[in-house]
Amino acid sequence: MTTYPFKFDHSQPFMKQAGDWIADVFYDLLPEAGYETRDEQIYMAFQLERAYQEKRTIFAEAGVGTGKTFVYLLYAIMYARYTRKPAIIACADESLIEQLVKPEGDIAKLSKALGLDIDARLAKSPDQYICLNKLDEARLAMDEDGERYRAIHEELPDFVHFPDTLQAFYPYGNRKDYPDLSDAQWSKLGWDVFQDCLVCSQRHRCGQTLSREHYRKSADLIICSHDFYMEHVWTYDARKREGQLPLLPPHSSVVFDEGHLLETAAQNALTYKLNHFQFESIITRLLQGEVRESFAYAIEDAINQSETLFNVLDRKGRRVVGSERKEFDVDDELLREVNRFRELIGVIEDELVFESGTFTLDEYQLKIVEEHLEMIHHALSLFGKPKELISWVTEDKDGTTLVIMPKMVKEVLQDKVFSQHMPIVFSSATLSVDGSFAFIADSLGIDSYLSFSVASPYNYAESMKIRLAAESAVSAKMKQTMQLLQETEGRALILFPSHEELEQFKGDVRLFPELAQYRILYEGEAEISHLISVFQNDEPTVLCAVTLWEGLDIPGPSLSQVIVWSLPWPPNDPVFEAKRRDAANPLAEVDMPYMLLRLRQGIGRLIRSREDRGTVTIFGKELNRKEIFERVTQLLPEGTERMTIS
């Protein structure tokens with residue numbers, strides 16, 4: 001493979017030569033291969049050349065249909081080859097990753113059109129792989145799933161069972177290889193944060209380890225999710241301290257596709273999560289050997305105090321409408337139970353010093369417990385610094401989980417990401433609010449950046465109609481929705497700001513027998529990519545979703561109408577409440593920018609090709625307020641036909 005697809009003159013700046021070649025790609029090579037290139041696409045290419053030349057962060061806001069993916073891929077690949085370090089392409093979710101890496105995806109298209117051999121490899125999250133230790137436990141369990149786990153074990157490659165030499169990379173143990181397993185079943189054999197791979201005797205045969213060794217050697221691109229990249233950032237120092245390699249290798253540049261969602265990924269990664277049942281499961285591992293009586297009593301006391309603490313959290317937790325997070329007040333009672341739990345964790349840590357000297361405890365289990373106790377102790381210490389803490393609880397099949405997020409997300413990103421002297425590209429159709437990138441820049445702690453905006457090349461005046469309805473009564477909205485669905489004979493995407501509103505709609509549908517003529521799909525009833533496929537291939541279908549405000553790309557008549565059930569304001573959960581407290585004008589600085597960005601994304605689901613035609617209907621009781629009505633109408637595509645319905 002030739003290093004560069006152009007003749008490189010060492011006496012001239014590399015990026016200028018790469019930019020000239022990329023210009024040739026868009027002016028000549030892609031049109032010759034049958035691709036339509038656009039002025040907006042070429043403008044974006046010239047802007048990225050500057051970002052790569054100066055090693056700057058750039059907000060690249062490019063409307064639907066500009067072909068922005070080809071632009072950032074070309075620069076990422078060329079710069080990776082110049083620096084001899086791969087570029088990271090971090091996508092918001094799996095559907096966007098699939099668009100890049102599938103056989104007919106953008107990377108394959110670019111490779112074929114230019115005759116360019118592109119080395120692109122996937123970096124999946126650890127929890128997407130089988131943990132061989134957990135599989136050994138699961139297959140020996142005498143329960144209803146034991147036989148299935150034993151079959152999985154038997155189907156593993158021979159080199160897992162026998163010490164054969166692995167001649168070439170052979171992927172195995174990926175979550176997608178076992179679609180028949182429920183999430184609960186997968187949790188019994190999938191990797192989790194309580195596994196310590198560093199001291200695992202099976203790590204050299206592990207599918208996750210082999211995959212990591214494989215993607216590290218990529219010459220051009222490593223494709224991962226926002227969540228995985230943030231996990232890399234959050235664990236970087238700890239892994240180095242433990243003698244482990246970071247999750248991702250040194251890289252030349254980063255592209256955050258749908259970059260407006262990066263803050264959410266950062267919040268998800270930069271948290272500590274505590275759960276009583278997981279704590280009990282982990283700590284009781286220390287009782288499997290012969291231990292001193294005082295040590296056993298210390299463990300029992302800690303388990304009892306953990307249960308007490310979580311009972312208090314259960315009692316104090318308050319449900320937040322539109323959010324899965326429950327808020328609680330940090331009062332004297334809660335602080336007393338937190339401090340008592342910290343003291344008992346400290347007792348166990350002291351006891352472990354003596355107990356480890358007896359060599360009666362399994363080294364692997366001991367290492368896991370020590371790290372878990374250290375994490376709990378540090379996380380709970382943040383309750384002593386309430387101004388630096390955001391916390392909430394969630395509930396699921398594993399009971400109540402306490403989530404602790406330091407209010408230093410921006411500081412971590414500034415230090416670990418944006419201070420690294422390298423090109424960083426944020427690519428999305430929605431990065432600015434009222435022409436300003438200040439909202440996203442401030443939320444991520446970015447002080448210096450380049451930016452540009454290019455509009456979509458589509459003629460929205462001809463292809464899109466907008467309806468605005470300041471309606472709050474559910475019964476009236478249901479009747480109007482029936483009329484809207486009749487106009488397009490289904491073929492509609494209905495977007496909900498929260499799961500609660502979707503569930504209410506689902507229940508209300510039963511009260512309107514006229515809707516029975518449509519096949520209505522609801523997010524959560526099946527795997528999301530399966531629902532999308534059915535929606536796309538069965539035209540009269542209606543799809544109701546909460547998470548598809550961005551990333552959904554369905555050109556053609558299957559998606560002829562988008563209905564926004566209500567304006568997508570941020571929830572009143574602890575994270576956004578903390579933002580509001582820090583803002584001088586919460587509506588203008590927090591709520592409005594969030595809502596407008598999300599609404600723009602939702603509207604963008606409709607027109608995905610030049611041939612598409614359709615209608616967007618926006619419900620929102622707040623549209624009665626002049627200020628909000630004007631802000632919403634300002635973001636609508638210019639020239640679109642608009643009408644107010646009642």
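## Strand pairing, buried residues and internal spaces

In a bridge of the sheet, Ala62 stands opposite Val454 in β12. The model in which this pairing occurs is a predicted one. Ala62 lies at the end of strand β1, which spans residues 57-62. Together, β1 and β12 form a parallel pair with five bridges.

**The seven-stranded sheet**

The pair belongs to an open sheet of seven strands, whose order is β3-β4-β2-β5-β11-β1-β12 and whose pairing is parallel. At its edges stand β3 (120-122) and β12 (450-454); each has a single partner strand, so one side of each has no neighbour in the sheet. From one strand to the next, the twist averages 20°.

Helix α11 (residues 226-241) lies across three strands, namely β2 (87-91), β4 (221-225) and β5 (254-257). Relative to β4, the helix runs at about 100°. The loop between α11 and β5 contains Gln244. Between the C-alpha atoms of Gln244 and Cys197 the distance is 9.2 Å, while 47 residues separate the two in sequence.

**Strand β14 and its partners**

Strand β14 (residues 492-495) pairs in the parallel sense with strand β16 (residues 542-545) over four bridges. With strand β17 (residues 561-564), β14 also pairs in the parallel sense over four bridges. On the β16 side, Leu495 has Ala545 as its bridge partner; on the β17 side, Ala492 is partnered by Gln561. The side chains of β14 alternate in direction: Ala492 and Ile494 point one way, and Leu493 and Leu495 the other way. All four of these residues are buried.

**Loop residues and accessibility**

Two residues other than glycine have a positive phi. Arg84, in the loop between α3 (68-83) and β2, has phi near 65°. Glu258, in the loop between β5 and α12 (262-269), has phi of about 50°. Which of the two classes, buried or exposed, applies to Arg84? Its relative accessible area is 58%, so Arg84 is exposed. Glu258, by contrast, is buried at 9%. The table sets these values beside those of three further residues.

| Residue | Relative accessible area | Class |
|---|---|---|
| Gln601 | 2% | buried |
| Ser432 | 6% | buried |
| Glu258 | 9% | buried |
| Gln244 | 15% | buried |
| Arg84 | 58% | exposed |

Ser432 lies in the loop between β11 (424-428) and α18 (438-444). What does the side chain of Ser432 make a polar contact with? The partner is the side chain of Glu61, at 2.8 Å. Apart from residues up to four places away in sequence, Ser432 touches Glu61, Phe437, Ser453, Leu597 and Arg600. Ser432 counts as buried because its relative accessibility, 6%, falls under 20%.

Gln601 is part of helix α24. Neighbours within four places in sequence aside, the contacts of Gln601 are Glu258, His260, Ser428, Ala429, Thr430, Trp549 and Glu550. Glu258, the loop residue with positive phi, is thus one of the residues in contact with Gln601.

**The second largest pocket**

The volume of the second largest pocket is about 700 Å³. Its lining comprises 29 residues, of which Ala429, Ala455, Arg600, Leu635 and Pro637 are the closest to the centre. Elements that contribute two or more residues to this lining are β1, β12, α24 (586-603) and α25 (626-635). Which element gives the most to the lining of the second largest pocket? Helix α24 does, with four residues. Two of the residues closest to the pocket centre also appear in the contacts described above: Arg600 touches Ser432, and Ala429 is in contact with Gln601.

**Enclosed cavities**

Rolling a probe the size of a water molecule over the atoms reveals where empty space is left. Across the whole structure, the search finds two cavities of 30 Å³ or more. The second largest cavity has a volume of about 40 Å³. Lining this cavity are Leu274, Asn275, Phe279, Ser306, Phe310, Phe341, His372 and Ile376. Two or more of the lining residues come from each of β6 (272-275), α14 (293-316) and α16 (363-381).

Technical notes
Residues are numbered from 1 along each chain as its sequence is written. This is a predicted model: local features need pLDDT of at least 70, side-chain atom pairs count only at pLDDT 80 or more; totals for chains, interfaces and linings use all residues. Side-chain values use heavy atoms; hydrogens and water are left out. Two strands pair if DSSP finds at least two bridges between them. Axes are lines fitted to C-alpha atoms, for helices over the stretch in contact, and angles run from 0 to 180 degrees between N-to-C directions. Contact means heavy atoms within 4.5 Å. Buried means under 20% relative accessible area, exposed over 50%, partly exposed in between (1.4 Å probe, protein chains only). A polar contact is a pair of N or O atoms within 3.5 Å; within protein, one must be able to donate a hydrogen and the other to accept it, and residues adjacent in sequence count only if both atoms are side-chain atoms. On a 1 Å grid over the protein atoms alone, a cavity is a set of points where a 1.4 Å probe fits but cannot get out, and a pocket is an open set with protein on both sides within 12 Å along at least five of seven lines; lining residues have an atom within 4 Å of a point. Grid points are joined across faces, edges and corners, and a volume is the space filled by probe spheres set on the points.
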